[in-house]
Amino acid sequence: MCGDSYCQNALSGCLAEEACGYQLGYGDGSSSEGFFVRDLLQLNIVAPGNKSVNRGAEVSFGCGTRESGGLHSSDQALDGILGLGQSSVSVLSQLRSNNEISGVFAHCLEGVGKGGGILVIGDVTAPGVVFTPIIRNQPHYNVNLNSITINDISIPIDSSASKDGGTIVDSGTTLAYFSDAAYIPLLQVIHDAVKIKTHSFEWQGMSCISYSGSNVEDLFPSINLNFDGGSSMTIRPHDYVIQAEGAQGHGWCIGFQSTGSSSLNLNILGDLVLKDKLIIYDLEQQRIGWVDYDCTSNVTVLAANGLETSVPFISIPIGSGTRRIFKPSLLEHSKLAIFLFLVAFLPSFNLGF
């Protein structure tokens, strides 16, 4: 009800005797509406010595009664969206405010196989991680992308954060989008760097190159995204090209798209560039880090006492087939590891940041 504290934290102007309703819209035009409810999130807590106990943590969340747009269509419908943003109503913020977890989480989205992923809420550790600062006081995970480099050509990027601008790291977006000021020269430099001369065509809004071979590493250039703090993210050809075959042509398409407005200074780094990387969101130090990673391998989490725990993925048969279900970890202040199960298949995996 509106009089409950969890509703007062999420809404204003709600009368105490009314049900606590919500309406939420997304950037792709889809929407969800329903009611806020409260329940126990069941956690499998693994203490030192691999002893396991169950415990429930109370969280509030939206129970949808009506969806529209992509959320309503059969090919894009989701069972739910797990919000891990910095707003007070996200599951992460609720667990953090109740001293259940620290302010660090990570994900790894597999792009080589059939898809899948790892979600780790806790202090994950991995060699080679580089970081860039999070721009503070923004509704999304904004960072400063300074330039894009292809071979010896550098494309400057304006990542100044505003209400409708900046560079956002968003696992809820499938591709990667750039403002026209960045997208037009980026596309031109990629085409100029292609090692064979062939005709181009468009497919599903993407710019494509006619090529019947499969070795895209020898055809397309690697791309470096350069961020504040001197850190860079390398995007290899197999990361950003998508195979296309249809009436318009047969070949490989560049998975970057324009935001569709010359006046909108907005860049969105979606799953296209985040996949096959361990992406770490460190809210304690307000930074985002990454490293190339095999998302089917173990994840190492670090407890407050300095001990490391290796978390493997497992396979669970579902129906007539087997889906790979990864076993992520949440690490508490109390030096306990909380294990959850997560099934995530690109492109429908949506953390809803």
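This is a short dialogue about reading strands, buried residues and aromatic pairs in a predicted model.

Reader: Let me start with strand β4. Is β4 mostly covered or mostly open, and how many of its residues are buried?

Author: Happy to help. Buried means under 20% relative accessible area. In β4, which spans residues 104-109, six of six residues meet that mark, and the strand is mostly covered.

Reader: Which residues lie on each side of β4?

Author: Val104, Ala106 and Cys108 are on one side. Phe105, His107 and Leu109 are on the other, and both faces are covered.

Reader: Which strands pair with β4?

Author: Pairing is read from the bridges between two strands. β4 pairs with β21 (residues 277-282) in the antiparallel sense, over five bridges. Here Cys108 has Leu278 of β21 as its bridge partner. Five bridges also join β4 to β5 (residues 117-121), again antiparallel, and there His107 stands opposite Leu119.

Reader: Now a polar residue. Why does Gln94 count as buried?

Author: Gln94 counts as buried because its relative accessibility is 11%, and the cut-off is under 20%. Gln94 belongs to helix α2, residues 91-97.

Reader: What does the side chain of Gln94 lie beside, and which residues does Gln94 touch?

Author: A polar atom of the Gln94 side chain lies 2.9 Å from the backbone oxygen of Val89. Leaving aside residues up to four places away in sequence, Gln94 touches Val59, Ser60, Ser88 and Val89.

Reader: On to the rings. How is an aromatic pair described?

Author: By two values: the distance of the centres and the angle of the planes. This structure holds eight aromatic pairs. One of them is Tyr22 with Phe36, a tilted pair at 5.7 Å centre to centre with 55 degrees between the planes. Tyr22 lies in β1 (residues 21-25) and Phe36 in β2 (residues 31-47), so the pair ties together parts 14 residues apart in sequence. Tyr22 and Phe36 are both buried.

Reader: Which pair links distant parts of the chain?

Author: Look at Tyr141 and Tyr281, a tilted pair with centres 5.1 Å apart and planes at 55 degrees. Tyr141 is in the loop between β7 (130-133) and β8 (142-143), while Tyr281 is in strand β21, 140 residues apart. Both tyrosines, Tyr141 and Tyr281, are buried.

Reader: Which residues form an aromatic cluster, and where does the charged end of Arg287 sit?

Author: Phe178, Phe220, Tyr240 and Phe256 form one aromatic cluster. As for Arg287, its charged end sits over the ring of Phe131, 3.7 Å from the ring centre.

Methods
Residues are numbered from 1 along each chain as its sequence is written. This is a predicted model: local features need pLDDT of at least 70, side-chain atom pairs count only at pLDDT 80 or more; totals for chains, interfaces and linings use all residues. Side-chain values use heavy atoms; hydrogens and water are left out. Buried means under 20% relative accessible area, exposed over 50%, partly exposed in between (1.4 Å probe, protein chains only). Helices (H or I, at least four residues) and strands (E, at least two) are DSSP runs, numbered from the N terminus. A polar contact is a pair of N or O atoms within 3.5 Å; within protein, one must be able to donate a hydrogen and the other to accept it, and residues adjacent in sequence count only if both atoms are side-chain atoms. Contact means heavy atoms within 4.5 Å. Rings of Phe, Tyr and Trp (its six-membered ring) pair if their centres lie within 6.5 Å; planes under 30 degrees apart count as stacked, over 60 as edge-to-face and the rest as tilted. A charge sits over a ring if NZ of Lys or CZ of Arg is within 6 Å of the ring centre and within 35 degrees of the ring normal.
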